[in-house]
There are 2 protein chains.
Amino acid sequence: MEYKLMDRAALENKLAELQAQYDAFEQMHLNLNMARGKPSADQLALSDGLFRAIEADSPMQGADHMEIRNYGVLTGLVEMRQIFADLLGVNVDNVILGGSSSLNLMFDYISQCMTHGVCGGTPWFGQEIKFLCPVPGYDRHFGILQYFGIEMIPVEMLPTGPDMDAIESLVQDPSVKGMFCVPKYSNPGGITFSDETVERVAKLKPAASDFRIIWDNAYAIHDVSDTPDTLREIFSACAQYGSEDMIIEVASFAKVTFPGACVSCIIASDKNLAQIRGRLSYQIINHDKINQMRHAAFFKDAAGVLVHMKKHAAILKPKFDIVLQAFERHLQGKGIASWTKPNGGYFISLDVPDGCAKRVVSLCKQAGLILTGAGATYPLGNDPRDRNIRIAPTFPSTQELSQAMEVLCLCIEIASIEKLLND
Amino acid sequence: MEYKLMDRAALENKLAELQAQYDAFEQMHLNLNMARGKPSADQLALSDGLFRAIEADSPMQGADHMEIRNYGVLTGLVEMRQIFADLLGVNVDNVILGGSSSLNLMFDYISQCMTHGVCGGTPWFGQEIKFLCPVPGYDRHFGILQYFGIEMIPVEMLPTGPDMDAIESLVQDPSVKGMFCVPKYSNPGGITFSDETVERVAKLKPAASDFRIIWDNAYAIHDVSDTPDTLREIFSACAQYGSEDMIIEVASFAKVTFPGACVSCIIASDKNLAQIRGRLSYQIINHDKINQMRHAAFFKDAAGVLVHMKKHAAILKPKFDIVLQAFERHLQGKGIASWTKPNGGYFISLDVPDGCAKRVVSLCKQAGLILTGAGATYPLGNDPRDRNIRIAPTFPSTQELSQAMEVLCLCIEIASIEKLLND
């Protein structure tokens, strides 16, 4: 029965009952953390072969005959560039490797736009610059924009991707210079842009000639369910409209091997890459080629990576199931929550009643469960309806996760009834 | 006998004789490269223990109990920060680790100044900004300044470091916002700042409150000779004058382990680090902790690094000797060249007669020997006297180096006599 249909006395009784359960959890002094999208210990162990992928007696030159232990190869080893190219369906010539962080590549790209503009255009510094931000979205994208003083315009995420009607209208404003997005298994909703959304992105005609979409393909190969999503390749979609220059794609092996110690890449049109490569030549002599070779040697090729991703999926599927089953068991039919059911990625997006997200996160914290902060999925941490919470099920063990979900669902029920009683 | 004292006929005879030798070299189709400061193959092999420094069954947590294979530890593992702190004589709290490149840290620091200013000051973007550049100097420093459109003011290097009289005067200009320098075993001169120079740097009173010195301590522990230089620690010198905020120090293990696959660090005052750390929190989740741990495990501590550096010195000393002995043998007393005699670092700075550096580099190239481009040691590649050449003796084998030096000295003689004949 939906809680909103219950009378006050029934709600008060229910709340007292839930409160007693909550008190019991508090007595347990739990220490559970679902705050960030981190792989679990058993996922990390899948990549321990990296430690012996290159040894002192391994070949120290790759296909380009360059010594990997010395300076050189500005854009990265071709072996690893090819693996990214094959996984993402792009041309290897359009792939440049970064260091261990695609976040850093995105930050640096925006930094480049600020001081040097886009492909010879006016630097963004000092101009009024706006970016479109599909919401709920990834807090670290918003962080980059905040750091550079770029105004963020929220755009609603629909089951097919961001609201393209809104985007097509907003890009008529020449101060709208770009958009950050996660096109496959979005953070936090796990939504994949539909083919039609990709098509509409490709045929956008922004007023700003220096409009750039940061296409953060963080979960391109991160299927969890047996019925994975497919994302239409963006550059081939753009090719029909000559809009390839609009896209700056990044990806990394953060959730393939070791987060923060992996290999990242940036993929862009020849014109954009010329600018990025030019900057790179002042910035660094080369990123860590040994780690690039280590990854290439461990996986051999893109097929090797996909086999590896199946092992991740086998670990992650039960965790996603625990979350979804707990939501169904405790919240279904009560009219107090809705959630996404992703086929991959690292997150589930949860909506609780308006005005309740902060209260839920706070109740959880008091009971020993750390969630991603309420509001984190919105620009400047401001969820105008205070209802969205990002659920990150990957890091805890299944046992911890089961317990965490009991606490979370309980806190959602409590916060929801409190709200009904106070309205 | 000095060539300038010889009469025209004698010079012409000498030139013909040298030209015959040059022709013989040309016939040999040599392929020699002394362009960059790269360690040689046997130096790289010294660090091959890194490949087994961490294995799959090694402890995956450091002193801070953080899993090195997962996200976290923004400022780097304390084990590696401590090693840098001990080697450089600074407080570990003032050391933040970067990725595999200190060049990238310097580039990023200037980028930060451009868009965000220094510690709350006005961003440099759009202002007239000048930097002091001790010359001859490091081309990649000049490259960063060029990229950001910063005007470069050359300051002459003396045997004691940069001309401090000039610097004390130039910093009275409020548009002079900083200086790049290599205070120990400078690139290319191998000059170490004297204690008095360090003292005078520390007590500078620049007109610009956001004046910053990029103290690129690239060769802090890179002794070659048995009578190494010592550099006075800059932050303790500054402490007397309260000028610690003026210094941004960087260092790396590029020439300790593997160039481009090592660990770098940035060292600064609490106030500067607060700004850098703030930026870092938007920029990256963490740099590669596995590689940090690999380095810390391989060396154990600062003493372990110093033992390792002795092995580098044993390889490098004969190479520096080959260069210096060839110069003495072929050029001494002829009044056509002067060179530095460094106790460490990676380079020797050579001055040929005014207007001859490009000709020497070009003659060498034609005979199969690639040198660092003439002019590279000056801002915008412009050596106003066209006389300085950076000699990088580390990469070739001793046999190749001996041959390269024969070619180089011959080309210097030819160019010098050509000039005398044309004057």
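This is a short talk on how the chains of this structure are divided, what one strand inside chain A does, and how chains A and B meet. The model is a predicted one.

I will start with the domains. In the domain assignment, chain A has two: domain 1 covers 3-43 + 306-422, and domain 2 covers 60-300. So you can place them on the screen, their centres, taken over C-alpha atoms, are 30 Å apart. The two do touch: 25 residues of domain 1 of chain A are in contact with 28 residues of domain 2 of chain A. On the domain 1 side, the elements giving two or more residues to that contact are helix 11 (302-331), strand 11 (348-351) and strand 13 (388-391) of chain A. Helix 11 of chain A has the largest share, with 7 residues. By class, that side of domain 1 of chain A is made of 14 nonpolar, 8 polar and 3 charged residues.

Next, one strand in chain A. Please find strand 6, residues 176-181. Is strand 6 of chain A buried or exposed? Of its 6 residues, 6 are buried, so strand 6 of chain A is largely enclosed by the rest of the structure.

Strand 6 of chain A has a pairing with strand 3 (residues 130-135) of chain A, which is parallel and runs over 3 bridges. Within that pairing, Leu132(A) has Met179(A) as its bridge partner. Strand 6 of chain A also pairs with strand 7 (residues 212-216) of chain A, again in the parallel sense, over 4 bridges. Here Cys181(A) is bridged to Trp215(A). To get from strand 6 to strand 7 of chain A, the chain passes through helix 7 (residues 195-202) of chain A, and this β-α-β crossover is right-handed.

Last, the two chains. Chain B is superposed on chain A by a rotation of 180° with 0.0 Å of shift along the axis, at an RMSD of 0.0 Å. That is the relation of a two-fold axis.

How many residues does each chain bring to the contact? Chain B gives 42 residues and chain A gives 42 residues. On the side of chain B, helix 4 (102-116), helix 5 (139-147), helix 9 (270-283) and helix 10 (289-299) each supply at least two residues. Helix 4 of chain B has the largest share, 6 residues. The side of chain B that touches chain A holds 20 nonpolar, 14 polar and 8 charged residues. Of the interface residues of chain B, 100% are also interface residues in chain A, so the copies meet through the same surface.

Definitions and conventions
Residues are numbered from 1 along each chain as its sequence is written. Chains are lettered from A and ligands numbered from 1 in the order in which they are written. This is a predicted model: local features need pLDDT of at least 70, side-chain atom pairs count only at pLDDT 80 or more; totals for chains, interfaces and linings use all residues. Domain bounds come from an automatic or database domain assignment. Two residues are in contact if their C-beta atoms, placed from the backbone, lie within 7 Å. Ala, Val, Leu, Ile, Met, Phe, Trp, Tyr, Cys and Pro count as nonpolar, Asp, Glu, Lys and Arg as charged, and the others, Gly among them, as polar. A residue is buried if 20 or more other C-beta atoms lie within 10 Å of its own, exposed if 12 or fewer, and partly exposed in between; C-beta atoms are placed from the backbone. Two strands pair if DSSP finds at least two bridges between them. A crossover is right-handed if, with the strands pointing away from the viewer, the path from the first strand over the helix to the second runs clockwise. Copies are superposed by least squares on the C-alpha atoms of residues with pLDDT of at least 70 in both.
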